[in-house]
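Me: I have a model open on my screen and would like to go through some of the labels attached to it. Could you take me through the reasoning behind them?

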Amino acid sequence: MNSEAIAIWTECLRVIEKHVNEQSFSTWFKPIQPARIDGSVLTIQVPSQFFYEWLEDNYVDVLKLAIKTVIGANGRLEYAVVVDKGNSNNQPYMVSYPQGVSNPAAKKKKETLAAAAHSPFDLSSLDEQTTLQSNLSSSYTFNSFIEGDCNRLARSAGFAVANKPGITSFNPLMVYGGVGLGKTHLVQAIGNEIKNGPEDKFVLYVSSEKFVNQFMDGIKDGNIKSFTNFYMQVDVLIIDDIQFLAGKGRTQEMFFHIFNHLHQNKRQIIMTSDCSPKDLMGLEERLLSRFKWGLTADLQMPDFETRIAIIRKKMQSEGIHIPNNVIEYLAYTVDTNVRELEGVLISLIAHASLNRVEISLDLAKSIMKNIVKDIETEVSIEYIQKSCAEFYGIKVEDLKAKTRKKEIVIARQVAMYFSKEFTNHSLKSIGYHFGGRDHSTVIHAVQSVNDLMETDTSFRNAVQEQKKQFKIRSY
Ligand code: ADP
Ligand code: MG
C-alpha cells in the first residue's frame with residue numbers, strides 16, 4: 001500500500017461520506033483498502049466479488065464523483081478483488097476489474113478457459129490446463145465448509161480421501177443428502193484439496209447432466225472413443241448428482257465401464273446423490289452394488305449452532321458485519337437448507353443497502369415474510385400449539401381435545417404455559433384456544449409446569465430448549 005494511494009482514498013472517503021448514510025458508509029466503504037495509484041488510476045481492494053458488484057450497482061455515481069473531485073476529470077477507478085485468500089505458501093489470488101483492462105493474466109486465463117470449454121477432451125496440454133479442466137471452484141474448500149454433527153462422517157471421510165485418494169477403503173465415496181445441504185461444496189473441497197496437494201493428480205469434477213450430454217454428443221459425432229479415453233485417464237473423478245443418470249441406460253453402461261476401469265487402477269471415484277443409494281430409482285443393480293464397495297455418508301440439515309457458524313463464516317468472507325440477534329434470528333427461522341439460508345442473507349444485505357437502512361431484526365423479519373411464504377414471525381397461540389405438538393409427537397387437535405392421557409396433558413400444559421409467557425392473550429382467551437377450557441385450568445397448567453421444572457431436570461431442559469425458539473421470535 002503506498003502513502004499516496006492512502007492519502008487520495010482518504011480524500012475520496014471525505015466526499016463519499018457526505019453522500020451516503022452512516023450505515024452504508026461503514027458497511028460498504030470502510031472495508032475498502034486503497035491498493036495503489038498509477039497516474040490517474042486509483043486501485044482499491046475490496047473483500048469479495050459480491051462486494052465489487054454491489055459497489056458497481058449501487059454506488060457507482062458517488063464513487064465517480066469522489067474520483068473526479070479528488071483526482072480530476074481524467075481520474076479512473078479500478079478494483080482488486082481478493083478471490084482466494086490464500087494460505088501460508090500461497091499468495092492471495094486477485095482479480096482486477098474492469099477485467100482485461102489492467103490485468104493481462106486474468107484476461108489470458110479467461111481466454112484459455114474459453115478454449116478449454118470448446119475442446120473438453122483435449123489432453124495435449126494437460127499440465128497447464130489441469131486447473132481449468134478440473135471444473136472446480138476455488139471457493140469450495142474444507143476451510144469454508146463448517147463442520148457439525150450434520151456432516152461429521154461425510155466430512156472426515158472426505159478429508160481422508162483427499163489425503164490419500166484411491167488408497168483408502170472409501171472408494172467410491174458416495175455423499176448423499178437433500179438439496180442445498182452442501183454435497184457439491186464438500187466434493188469440490190475434496191477435489192481442491194487433492195489438486196493443491198503434493199501429488200500431481202488429474203482431478204475432474206463433472207455434473208451427471210454434463211456427463212450424459214457429453215456422452216450423447218459423443219454418440220452423435222461418432223466420438224465415443226475420445227469420450228471414454230478422456231474419462232479413463234482421470235485420477236480423481238467427481239461426479240455430482242448421480243440421480244440424474246436414472247433411466248439413462250446407455251450412459252449408465254458407459255459409466256459402469258469407466259467406473260470399473262478407474263477402480264481397478266486405484267483411481268478415486270467420488271459421487272453425490274440426492275437420496276440414499278437404496279432409494280435411487282432407475283439405476284441398474286450392478287451399478288448400485290458397485291457403490292457399496294466404498295463408503296456412503298449422508299449430509300443432514302445443520303443444527304442451530306452450526307447454522308450460526310455458517311452465517312458467521314459467510315459474513316466474514318463477504319467482509320460484512322451483521323448484528324448477533326439478526327444472525328440468531330436467521331439461524332432459527334431458516335431451517336430448510338443452507339442454500340436458502342445464504343439466499344436470505346444476501347437479500348438482507350441487499351435490502352439494507354438499497355434502501356439505505358440498517359441491518360436490523362425488523363428488516364430481517366420483513367424480508368423473511370417476503371421470501372418465505374406464510375412464515376410466522378410472531379409468537380401466536382397457534383404457533384406455540386404447533387411447536388408443542390411437534391415437540392411431543394402428538395397432534396394439535398389433541399391439545400384441544402378432552403383426552404386426559406398423561407403425555408397429552410403435559411404437552412397441553414406446556415403449551416398453555418408458553419402461551420401465557422409469550423403472548424398477550426388473557427387467561428380466559430388462552431383457555432378458549434385450548435378447546436374452550438376455563439381460565440382456572442390455565443392457572444393450574446402454569447403452576448404444574450413450574451412445579452415439574454423444579455423437580456425434573458430433563459423436563460426443565462426440554463422446556464428451556466423449546467423456549468429458545470419463542471424468545472428469538474419475540475425479540
Ligand atoms: P447441494 O449440492 O447439496 O445442493 P451445495 O453444496 O450447492 O448443496 O450447498 C449450497 C450452499 O450452501 C453453498 O453455497 C455451500 O457453500 C453452502 N453450504 C452448505 N453446507 C455448508 C457448510 N457445512 N458450511 C458452509 N457452507 C455450506
Ligand atoms: Mg449440488
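Reply: Gladly! Domain bounds come from an automatic or database domain assignment. Please keep in mind that this is a predicted model.

Me: Thanks! Why is ligand 1 said to lie between domain 2 and domain 3?

Reply: Domain 2 (115-299) and domain 3 (304-377) each contribute residues to the shell around ligand 1, so the ligand lies between them. There are 17 residues surrounding ligand 1, and Gly180, Thr184, His185, Arg339 and Glu342 are the closest. By type, the shell holds 7 nonpolar, 7 polar and 3 charged residues.

Me: What makes the pairing of Glu342 with ligand 1 a polar contact?

Reply: The cut-off is 3.5 Å between N or O atoms. A side-chain N or O atom of Glu342 is 2.6 Å from an oxygen atom of ligand 1, so the pair falls within that limit. For Lys183, an N or O atom of the side chain is 2.8 Å from a ligand 1 oxygen, and a polar side-chain atom of Thr184 is also 2.8 Å from an oxygen of ligand 1. The protein covers 90% of the 560 Å² of accessible area that ligand 1 has on its own. Helix H8 (183-195) and helix H15 (338-354) are the elements that give two or more residues to its shell.

Me: And why is Pro47 called buried?

Reply: Buried means under 20% relative accessible area, and Pro47 has 17%, so it counts as buried. Pro47 sits in the loop between strand E2 (41-46) and helix H3 (49-58). Its C-alpha atom is 7.4 Å from that of Ile32, 15 residues apart along the chain.

Terms used: Residues numbered from 1 in each chain as written. Chains lettered and ligands numbered in written order. Predicted model: local features only at pLDDT ≥ 70, side-chain atom pairs only at ≥ 80, totals over all residues. Heavy atoms only, no water. Near = heavy atom within 4 Å. Polar contact = N/O pair within 3.5 Å; in protein donor to acceptor, adjacent residues only side chain to side chain. Areas by Shrake-Rupley, 256 points an atom, 1.4 Å probe, with all protein chains shown as cover. Helix = DSSP H or I, 4+ residues; strand = E, 2+ residues; numbered from the N terminus. Nonpolar A, V, L, I, M, F, W, Y, C, P; charged D, E, K, R; others polar. Buried < 20%, exposed > 50% of the residue type's maximum accessible area, 1.4 Å probe, protein only.
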